[in-house]
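User: I have this chain open on my screen and would like to talk it through. Could you start with whatever term I will need for the hairpins?

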Amino acid sequence: MARANLYMNSNKLDYLAGYFGIGGKTDTGGFDLWKRVCLDNDQEALDKMIEYCENDVVILEGVFHKLRKLSKANIHYGALWDGKKFTCPECGTAHVKMRKRYTTTTGVMRFNMKCTLCETSYTISGKQYQDLLNYKMLNNIK
Ligand SMILES: [Zn+2]
């Protein structure tokens with residue numbers, strides 16, 4: 001079961017790594033190598049597998065960061081949790097500070113915010129900024 005899962009995950013990782021253009025993966029020998037490690041107790045196969053796993057971790061990390069960046073653009077964690085768009089998109093807190101206010105080329109007022117917990121910077125609308133001020137007042141957040 002574990003072997004089958006690992007094999008499948010490797011395929012997915014391979015696909016993702018290829019998709020994001022993150023480093024080539026060590027040739028694993030796939031299921032045969034696993035069989036040699038697990039069933040035949042093959043030392044050489046085990047060494048190969050370890051090398052392969054170490055490479056996997058590096059690639060996995062790269063894939064993780066890419067996915068994180070992608071999901072950042074699409075998922076607002078704060079809004080996801082409690083429907084408040086003014087909270088930090090990364091950790092969802094309302095403990096955020098306004099860094100600067102500016103007007104876009106289309107004349108819309110925007111507020112550049114910074115999370116005091118995770119230091120994520122993000123931008124909200126004037127309406128959302130008002131909501132934030134109200135929310136902070138109601139919840140006694142400075
Ligand atoms: Zn945050």
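Analyst: Two strands are taken to pair if DSSP finds at least two bridges between them. With that in hand, and bearing in mind that this is a predicted model, S2 and S3 form a hairpin with five residues between them, and Glu119 in the turn has a positive phi of about 65°.

User: How many helices and strands does the protein have?

Analyst: The protein has five helices and three strands, and from the N terminus on the elements run α-α-α-α-β-β-β-α.

User: And in what order do the strands sit in the sheet?

Analyst: The three strands form an open sheet in the order S1-S2-S3, with antiparallel pairing. Strand S1 (96–103) and strand S3 (121–125) are at the edges and have a single partner strand each, so one side of each is left without a neighbour in the sheet. On average, and ignoring direction, neighbouring strands of this sheet are turned by 30° against each other.

User: How many bridges join S1 to S2, and how many pair S2 with S3?

Analyst: S1 and S2 run antiparallel and are joined by seven bridges; within that pairing, the bridge partner of Arg101 is Phe111 in S2. For S2 and S3, also paired in the antiparallel sense, there are five bridges, and Arg110 has Ser125 in S3 as its bridge partner.

User: What about the turn between S1 and S2, which residue has a positive phi there?

Analyst: That residue is Gly107, with a positive phi of about 80°, in the turn of a hairpin that leaves five residues between S1 and S2.

User: Back to Glu119 for a second: is Glu119 buried or exposed?

Analyst: Glu119 counts as exposed because it has 10 C-beta neighbours inside 10 Å, and the cut-off for exposed is 12 or fewer. It lies in the loop between S2 and S3, and its phi is positive although Glu119 is not a glycine.

User: Which other residue that is not a glycine has a positive phi, of about 55°?

Analyst: Asn140, which is not a glycine either, has a positive phi of about 55°, and it lies in the segment after H5. With 6 C-beta neighbours inside 10 Å, Asn140 counts as exposed.

User: Changing topic, what does H5 touch in the sheet?

Analyst: Helix H5 (residues 126–138) packs on the sheet and touches S1, S2 and S3, while its direction makes about 100° with that of S3. H5 has 13 residues and reaches 18 Å from its first C-alpha to its last, close to the 18 Å expected at 1.5 Å a residue.

User: Which residues make up the largest nonpolar core?

Analyst: That core has eight residues in all, namely Phe86, Cys88, Val96, Phe111, Met113, Cys115, Ile124 and Leu132. Strand S2 (residues 109–115) gives the largest share of this core, three residues.

User: Cys115 caught my eye. What does Cys115 touch, not counting residues up to four places away in sequence?

Analyst: On that count, Cys115 touches Cys88, Glu90, Cys91, Thr93, Val96 and Thr120.

User: And where is His95 found?

Analyst: His95 is in the loop between helix H4 (77–82) and S1, and it is partly exposed, with 14 other C-beta atoms within 10 Å. Leaving aside neighbours within four places in sequence, His95 is in contact with Thr116, Leu117 and Ile141. The C-alpha atoms of His95 and Leu132 are separated by 9.7 Å, although these residues are 37 residues apart along the chain.

User: Last thing, what pLDDT does the protein average, and where does pLDDT stay under 50?

Analyst: The average pLDDT is 75, and 58% of the residues score at least 70. Over residues 1–8 the pLDDT stays under 50, and for that stretch the model has five contacts beyond four places in sequence. For the protein as a whole, 12% of the 142 residues count as buried, and among contacts with a separation of 6 or more, 46% are between residues 24 or more positions apart.

Definitions and conventions:
Residues are numbered from 1 along each chain as its sequence is written. This is a predicted model: local features need pLDDT of at least 70, side-chain atom pairs count only at pLDDT 80 or more; totals for chains, interfaces and linings use all residues. A nonpolar core is a set of buried Ala, Val, Leu, Ile, Met, Phe, Trp, Tyr and Cys residues joined through C-beta atoms within 7 Å. A residue is buried if 20 or more other C-beta atoms lie within 10 Å of its own, exposed if 12 or fewer, and partly exposed in between; C-beta atoms are placed from the backbone. Helices (H or I, at least four residues) and strands (E, at least two) are DSSP runs, numbered from the N terminus. Two residues are in contact if their C-beta atoms, placed from the backbone, lie within 7 Å. Axes are lines fitted to C-alpha atoms, for helices over the stretch in contact, and angles run from 0 to 180 degrees between N-to-C directions. The expected span of a helix is 1.5 Å times one less than its number of residues. pLDDT is the predictor's confidence in each residue, from 0 to 100.
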